[in-house]
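Student: I am new to this structure and would like a close look at a single part of it. Could you take me to the ligand site and then show me what lies around it?

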Amino acid sequence: MTTVPETTQHPAATGSVEQRDICLERVHKRYGDHVVIGDLSLDIEQGKFYALLGPSGCGKTTTLRMIGGFELPTSGRVLLAGDDVTQLPPHKREVNTVFQSYALFPHLTVEKNVAFGLERRGVDKHETKKRAKEMLELVQLGHLAKRKPGQLSGGQAQRVALARALVNRPRALLLDEPLGALDLRLRRQLQDELKRIQRDIGITFVHVTHDQEEAMSMADTIAVMNKGAIEQAGSAEDLYERPESPFVANFLGTSNLIPVTVEQGGADEFSTVRTSDGHALRLLRNRMWNLKGEQPVAIGVRPEKVRLWGADQTPPEHDNVLPAKVLQATFLGVSLQYALKTAGGQELTVIEPNLVGNSKGTFGPGQDVQVSWDARQTFVVEGETAGA
Ligand SMILES: Nc1ncnc2c1ncn2[C@@H]1O[C@H](COP(=O)(O)OP(=O)(O)OP(=O)(O)O)[C@@H](O)[C@H]1O
Ligand SMILES: [Mg+2]
């Protein structure tokens, strides 16, 4: 175990209380003995696009269903716009949910499907028609208003489901893998459209997905879930540049994680860590605020931030440098991917862009090289890295 130097505060520790739209306070959910959600808290600001991202079975749908009122937490509170709604049924909450299977009424036209919720609530006929029309324009389906669901493509049907949820003017929209059934091209197209719609109407979206690219391209804030807990929440850039756990470091993109022991810092803004075979590496001290000193520590660097040098070359003076051997070099078109092993037995991946003149790669298997990267690009995580 390592000594942890004095740490700074979480850089993202902000957020004003008044703007909170959706709030889960220390929520637990158990089915019998099976703990599905353990002590989960989150705060979503009004008007934000918030993604819950995580692997299958981590508890995303369960979390969303507790916000929507379809599941009751075993303990903890659910607040919408500051009001405790923990015990309220779904129809008394100002949120609407779009599920993966969009379940439109097959015998009703598109416009009747959209108008259905308003009619049921007794909204006046003229107003209902006007709002349904507006919503169909918003999702760019005005021209298909008279069709039946059976005459629509998957993407069109999903947009009808969206219009049907939005027509009720909810405070927030909950989306559970709404694009999951669509092919990749349509998915990307609808991602752009969803983002545009969210910006246009300015309501809070909570979007569940297990697709990291989808979350990164759409969300203001991504909460990465693992085993019923949020491991880290932040912008796509925060999570990519400064992951705080081995899981996040490898769920969003891939990372080179190198186990180290922490040494006390010097006089400048850097701290020093040491690999198991004695190499000193540096990282910005303020990156270390998340260390609790209870678990093994590893530093990390993204594969595209590492450069390769011949054994006789001199990497930039202030870079972190490790000697390594090339195991494999793979041409991937846009890039070259190298698998390497350091002298200490650590496997590393390096990705070099395919620039003019190096499409065949400069280094081949068996060659002794050095890897280097800017110390400022180094992040640090705590926890077991095996299998992460
Ligand atoms: N009604 C239930 N009774 C018992 N266990 C349940 C129930 N609903 C969900 N679970 C369990 O809770 C865990 C989380 O389920 P959940 O549906 O929230 O996962 P998810 O993150 O949405 O996964 P996916 O990406 O596959 O949709 C799973 O292990 C699941 O088997
Ligand atoms: Mg789910």
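Tutor: Let's start with Ser 56: in this predicted model, one of its polar side-chain atoms lies 2.5 Å from an oxygen atom of ligand 1. Thr 62 also brings a polar side-chain atom to 2.5 Å from an oxygen atom of the ligand. With Gly 57 it is the backbone that takes part, as a polar backbone atom there is 2.8 Å from an oxygen atom of ligand 1. Taken alone, ligand 1 exposes 640 Å², and the protein buries 59% of that.

Now look at the whole shell. Ligand 1 is surrounded by Tyr 31, His 34, Val 36, Pro 55, Ser 56, Gly 57, Cys 58, Gly 59, Lys 60, Thr 61, Thr 62 and Glu 177. Sorted by class, these are four nonpolar, six polar and two charged residues. Which elements supply at least two residues of this shell each? They are strand S2 (34-45) and helix H1 (60-68). H1 gives the most, with three residues.

From the ligand, let's move on to the helices, beginning with H5. Helix H5 covers residues 184-201, and at 1.5 Å a residue its 18 residues should span 26 Å; the end C-alpha atoms are 26 Å apart, which agrees. At the N-terminal end of H5, Asp 183 acts as a cap, with a side-chain oxygen 3.1 Å from the backbone nitrogen of Arg 185. After the helix comes Gly 202, whose phi is positive, near 70°.

Along H5, the buried residues are Leu 186, Arg 187, Leu 190, Gln 191, Glu 193, Leu 194, Lys 195, Ile 197 and Gln 198. What do these buried residues pack against? Their partners include the helices H3 (125-138), H4 (154-166) and H6 (212-218). Strands S3 (49-53), S7 (172-176) and S8 (204-209) are partners as well.

One of those partners, H4, deserves its own look. Of its 13 residues, 11 are buried, so H4 is largely enclosed by the rest of the structure. The buried ones include Gly 155, Arg 159, Val 160, Leu 162 and Leu 166. They pack against strand S6 (95-98), helix H2 (110-120), H3, S7 and H5. For H4 the expected span at 1.5 Å a residue is 18 Å, and its end C-alpha atoms are 19 Å apart, which agrees.

Helix H3 is a partner of H4 too, and Thr 128 is a good residue to pick out, since its place is in H3. Is Thr 128 buried or exposed? Its relative accessibility is 3%, under the 20% cut-off, so Thr 128 counts as buried. Leaving aside residues up to four places away in sequence, Thr 128 touches Ala 115, Leu 118, Glu 119 and Val 123. Thr 128 and Ala 115 are 13 residues apart along the chain, and their C-alpha atoms are separated by 6.2 Å.

Finally, step back to the whole protein. It has eight helices and 20 strands, and its C-alpha trace spans about 80 × 50 × 40 Å along the principal axes. Of the 388 residues, 47% count as buried. Among contacts between residues at least 6 apart in sequence, 67% join residues at least 24 apart. The protein exposes about 19,000 Å², with carbon and sulfur atoms supplying 50% of it.

Key:
Residues are numbered from 1 along each chain as its sequence is written. Chains are lettered from A and ligands numbered from 1 in the order in which they are written. Side-chain values use heavy atoms; hydrogens and water are left out. Helices (H or I, at least four residues) and strands (E, at least two) are DSSP runs, numbered from the N terminus. The expected span of a helix is 1.5 Å times one less than its number of residues. Buried means under 20% relative accessible area, exposed over 50%, partly exposed in between (1.4 Å probe, protein chains only). Contact means heavy atoms within 4.5 Å. A polar contact is a pair of N or O atoms within 3.5 Å; within protein, one must be able to donate a hydrogen and the other to accept it, and residues adjacent in sequence count only if both atoms are side-chain atoms. A residue is near a molecule or strand if one of its heavy atoms lies within 4 Å of it. Accessible areas come from the Shrake-Rupley method with a 1.4 Å probe; for residues, only the protein chains shown count as cover. Ala, Val, Leu, Ile, Met, Phe, Trp, Tyr, Cys and Pro count as nonpolar, Asp, Glu, Lys and Arg as charged, and the others, Gly among them, as polar.
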